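Work through the following exercises with the sequence and the model at hand, and try each task before reading its solution.

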Amino acid sequence: ADEKNAEVVSGEEKITDEDNQSVMSDGLMQIFKPAVQELDEKVLSVRESQVELREQIDKLAQDLRRLSELQELPVDLEPYVKKLMNSRRRVMLVNNILQNAQERLGRLHQSVTRETAKRKALLEPSEF
């Protein structure tokens, strides 16, 4: 007979501590996994937006430089180009922070998955 984590008592199954731990472990995994995945997807989306923003800043700075070289304008565009470059630097900093956060989320996800697998392995009876 299959006696996985339950004892049969007068035709009814008795829930053991191992069952409770397994259910709790599964429940925690079901709670954390979607949240970590959703957060990871959002961080990835923000990182992609940051890359697009950085590319647009680069293009605008290049266009301003070209415009400044082609025409004698009464307005000096160099301060604006410098501001754009400063903004680009800040975007890259935020992107690095997001990348680090995403890597930590990935490690957390792996850790939760490993811990859940370990607990399941411990809770399942060994067959000799």
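**Exercise 1: the pocket lining**

Task: In this predicted model, establish which helices each supply at least two residues of the lining of the largest pocket, and how the residues of that lining divide by polarity.

Solution: Helix H1 (17-70) and helix H2 (78-123) each meet the requirement of at least two lining residues. The lining itself consists of Gln21, Met24, Ser25, Leu28, Met29, Phe32, Val112, Glu115, Thr116, Arg119 and Leu123, and H1 gives the most to it, with six residues. Sorting the lining by residue class yields six nonpolar, three polar and two charged residues, and the space that lies in this pocket comes to about 240 Å³.

**Exercise 2: the nonpolar core**

Task: Identify the residues of the largest nonpolar core, and then determine which residues valine 81 contacts once its neighbours within four places in sequence are left aside.

Solution: The core has seven residues, namely Ile57, Ala61, Leu64, Leu77, Val81, Leu84 and Val91, and H1 and H2 each supply at least two of them. With its neighbours within four places in sequence set aside, valine 81 is in contact with Ala61, Leu64 and Arg65, of which Ala61 and Leu64 are also listed in the core.

**Exercise 3: the overall arrangement**

Task: What pattern does the protein follow along the sequence, and what share of its residues is buried?

Solution: The secondary structure comprises two helices and two strands, which follow the pattern β-β-α-α when read along the sequence. Buried residues, those under 20% relative accessible area, make up 20% of the 128 residues. Among contacts between residues at least 6 apart in sequence, 70% join residues at least 24 apart.

Methods:
Residues are numbered from 1 along each chain as its sequence is written. This is a predicted model: local features need pLDDT of at least 70, side-chain atom pairs count only at pLDDT 80 or more; totals for chains, interfaces and linings use all residues. Side-chain values use heavy atoms; hydrogens and water are left out. On a 1 Å grid over the protein atoms alone, a cavity is a set of points where a 1.4 Å probe fits but cannot get out, and a pocket is an open set with protein on both sides within 12 Å along at least five of seven lines; lining residues have an atom within 4 Å of a point. Grid points are joined across faces, edges and corners, and a volume is the space filled by probe spheres set on the points. Helices (H or I, at least four residues) and strands (E, at least two) are DSSP runs, numbered from the N terminus. Ala, Val, Leu, Ile, Met, Phe, Trp, Tyr, Cys and Pro count as nonpolar, Asp, Glu, Lys and Arg as charged, and the others, Gly among them, as polar. A nonpolar core is a set of buried Ala, Val, Leu, Ile, Met, Phe, Trp, Tyr and Cys residues joined through side-chain atoms within 4.5 Å. Buried means under 20% relative accessible area, exposed over 50%, partly exposed in between (1.4 Å probe, protein chains only). Contact means heavy atoms within 4.5 Å.
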